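This report is meant for a reader who is meeting the structure for the first time, and it takes up the salt bridges, the main pocket and a surface patch in turn. Please keep the sequence and the model in view while reading.

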Amino acid sequence: MFLSGGDLHSWAEVAARGLEFIGVGAMLLGLTAATVRMVWRLRGGSLDAAYAEYRANLGRAILLGLELLVAADIISTVTSELTFESVGLLAAIVAIRTFLSFALETEIEGRWPWRRSEKSE
């Protein structure tokens, strides 16, 4: 009934690969949707408004993909032997992806995350 250590590692590896695939898919789907929406908006609007919306939509897609990739990295630690090198590498990857997520969210919202409740001018 219970999973053995080998089964758990296999399951975690499949789950991590699945999340990586979904993360990349979310970015590609977001890129496609944002591009189609921008082209649609260009037909009846200004280039500046279409570009601003395109950047925001593309940033949201990348942000979602990065969050899924971080989750996959965390799950994949279950499947690898924990050494100082592997934990350090995971920490570096998570730190870089977290920084990118923070920077993208700040760019999309136009204000610091801790000032989210303030109205934009």
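Is R97 buried, partly exposed or exposed? In this predicted model, R97 is partly exposed, because its relative accessible area is 21%, which lies between the limit of under 20% for buried residues and that of over 50% for exposed ones.

**Salt bridges**

R97 forms a salt bridge with D73, and the closest N and O atoms of the two are 2.4 Å apart. This pair links distant parts of the chain, since R97 belongs to helix α3 and D73 to helix α2, with their positions 24 residues apart. D73 itself is buried, with a relative accessible area of 9%.

A further salt bridge joins E107 to R55, with 2.4 Å between the closest N and O atoms. Because E107 lies in helix α3 and R55 in helix α2, the pair ties together parts that are 52 residues apart in sequence. The relative accessible area of R55 is 39%, so R55 is partly exposed.

E20 and R17 also form a salt bridge, but here the partners are three residues apart in helix α1 and are therefore separated by about one helical turn. Both ends can be described in terms of accessibility: E20 is partly exposed at 25%, and R17 counts as partly exposed at 42%.

| Salt bridge | Closest N and O atoms |
|---|---|
| E20 with R17 | 3.0 Å |
| E107 with R55 | 2.4 Å |
| R97 with D73 | 2.4 Å |

The count comes to five salt bridges, and R37, R41 and E53 are linked in a network of such bridges.

**The largest pocket**

D73 appears again in the lining of the largest pocket, together with S76, T77, S80, L82, S86, V87, L89, L90 and I93. The space in this pocket is about 180 Å³. Helices α2 (47–76) and α3 (84–109) each supply at least two residues of the lining, and α3 gives the largest share, namely five residues. Sorted by class, the lining has five nonpolar, four polar and one charged residues.

**A nonpolar surface patch**

On the surface, L8, W11 and V78 form a nonpolar patch, and together they have about 310 Å² of accessible area. Of these, W11 lies in helix α1, which covers residues 5–44, and W11 counts as exposed because its relative accessibility is 57%.

Definitions and conventions: Residues are numbered from 1 along each chain as its sequence is written. This is a predicted model: local features need pLDDT of at least 70, side-chain atom pairs count only at pLDDT 80 or more; totals for chains, interfaces and linings use all residues. Side-chain values use heavy atoms; hydrogens and water are left out. On a 1 Å grid over the protein atoms alone, a cavity is a set of points where a 1.4 Å probe fits but cannot get out, and a pocket is an open set with protein on both sides within 12 Å along at least five of seven lines; lining residues have an atom within 4 Å of a point. Grid points are joined across faces, edges and corners, and a volume is the space filled by probe spheres set on the points. Helices (H or I, at least four residues) and strands (E, at least two) are DSSP runs, numbered from the N terminus. Ala, Val, Leu, Ile, Met, Phe, Trp, Tyr, Cys and Pro count as nonpolar, Asp, Glu, Lys and Arg as charged, and the others, Gly among them, as polar. Patches are made of residues with over 30% relative accessible area and no salt bridge: like charges are joined within 9 Å, nonpolar side chains (Val, Leu, Ile, Met, Phe, Trp, Tyr) within 5 Å. Accessible areas come from the Shrake-Rupley method with a 1.4 Å probe; for residues, only the protein chains shown count as cover. A salt bridge is a side-chain nitrogen of Lys or Arg within 4 Å of a carboxyl oxygen of Asp or Glu. Buried means under 20% relative accessible area, exposed over 50%, partly exposed in between (1.4 Å probe, protein chains only).
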